Amino acid sequence: MKKTAVEWLGKKLESYGDPQYCELEWKELDSLIKKAKAMGKRQIVDAYRFGFCDEDAIGSKKYYNQTYKK
């Protein structure tokens with residue numbers, strides 16, 4: 001089973017060890033967050049595409065943009 005973007009990010013952050021002693025640089029954290037956002041977008045687009053039979057009614061990318069890109 002695929003992980004959600006949030007689950008993926010959580011596992012990545014856990015891999016750095018104890019949060020109190022973690023020395024994760026902001027640049028690296030920002031990179032992880034951007035990757036998680038891209039994964040989340042892809043998951044939403046895919047869920048819409050495969051969960052809705054009539055792709056032409058609105059389109060998965062259009063749905064994502066209308067719903068989440070403001």
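Let us start with Trp-8 and its surroundings. Setting aside neighbours within four places in sequence, Trp-8 is in contact with Lys-3, Leu-32, Lys-35, Ala-36 and Met-39. Please keep in mind throughout that this is a predicted model.

One of those partners, Lys-35, is found in helix α2. Lys-35 and Trp-8 are 27 residues apart in sequence, and their C-alpha atoms lie 9.6 Å apart in space. Is Lys-35 buried or exposed? Neither term applies, because its relative accessibility is 46%, and Lys-35 therefore counts as partly exposed.

Trp-8 also leads us to the nonpolar core. Which residues make up the largest nonpolar core? There are five in all: Ala-5, Trp-8, Leu-9, Leu-32 and Ala-36. Helices α1 and α2 each supply at least two residues of this core. The largest share, three residues, comes from α1. As general background, in soluble globular proteins nonpolar side chains tend to be buried together.

I turn now to the helix pair itself. Helix α1 covers residues 5-14 and helix α2 covers residues 26-51. The two pack at an angle of about 155°, and their axes are 8 Å apart. An angle over 145 degrees counts as roughly antiparallel, and α1 and α2 are therefore roughly antiparallel to each other. As for handedness, α1 passes α2 in a right-handed crossing.

The contact between these helices can be listed residue by residue. On the α1 side we find Ala-5, Trp-8, Leu-9, Lys-12 and Leu-13. On the α2 side they meet Leu-29, Leu-32, Ile-33, Lys-35, Ala-36, Met-39, Gly-40 and Gln-43. By class, the residues of this contact divide into nine nonpolar, two polar and two charged.

Let me move to the loops. Leu-24 is placed in the loop between α1 and α2. With neighbours within four places in sequence left aside, Leu-24 is in contact with Leu-13, Tyr-16 and Leu-29. Leu-24 and Leu-13 are eleven residues apart along the chain, and 8.8 Å separates their C-alpha atoms. Because its relative accessible area is 21%, Leu-24 is partly exposed; the cut-off for buried is under 20%.

The loop between α2 and α3 holds Gly-59, with α3 covering residues 60-68. Why does Gly-59 count as buried? Its relative accessibility is 12%, and buried means under 20%. Gly-59 and Arg-49 are ten residues apart in sequence, while the distance from C-alpha to C-alpha is 7.6 Å.

Finally, the chain as a whole. How many helices and strands does the secondary structure come to? The count is three helices and zero strands, and along the sequence the pattern reads α-α-α. Of the 70 residues in the chain, 19% are buried. Among contacts between residues at least 6 apart in sequence, 37% join residues at least 24 apart.

To close, I return to the starting point: Trp-8 belongs to the largest nonpolar core and is also among the α1 residues that meet α2.

Conventions. Residues numbered from 1 in each chain as written. Predicted model: local features only at pLDDT ≥ 70, side-chain atom pairs only at ≥ 80, totals over all residues. Heavy atoms only, no water. Axes fitted to C-alpha atoms, helices over the stretch in contact; angles between N-to-C directions. Helix = DSSP H or I, 4+ residues; strand = E, 2+ residues; numbered from the N terminus. Parallel < 35°, antiparallel > 145°, perpendicular 65-115°, else oblique. Left-handed = near helix turned anticlockwise from the far one by under 90°. Contact = heavy atoms within 4.5 Å. Nonpolar A, V, L, I, M, F, W, Y, C, P; charged D, E, K, R; others polar. Core = buried A, V, L, I, M, F, W, Y, C linked by side-chain atoms within 4.5 Å. Buried < 20%, exposed > 50% of the residue type's maximum accessible area, 1.4 Å probe, protein only.
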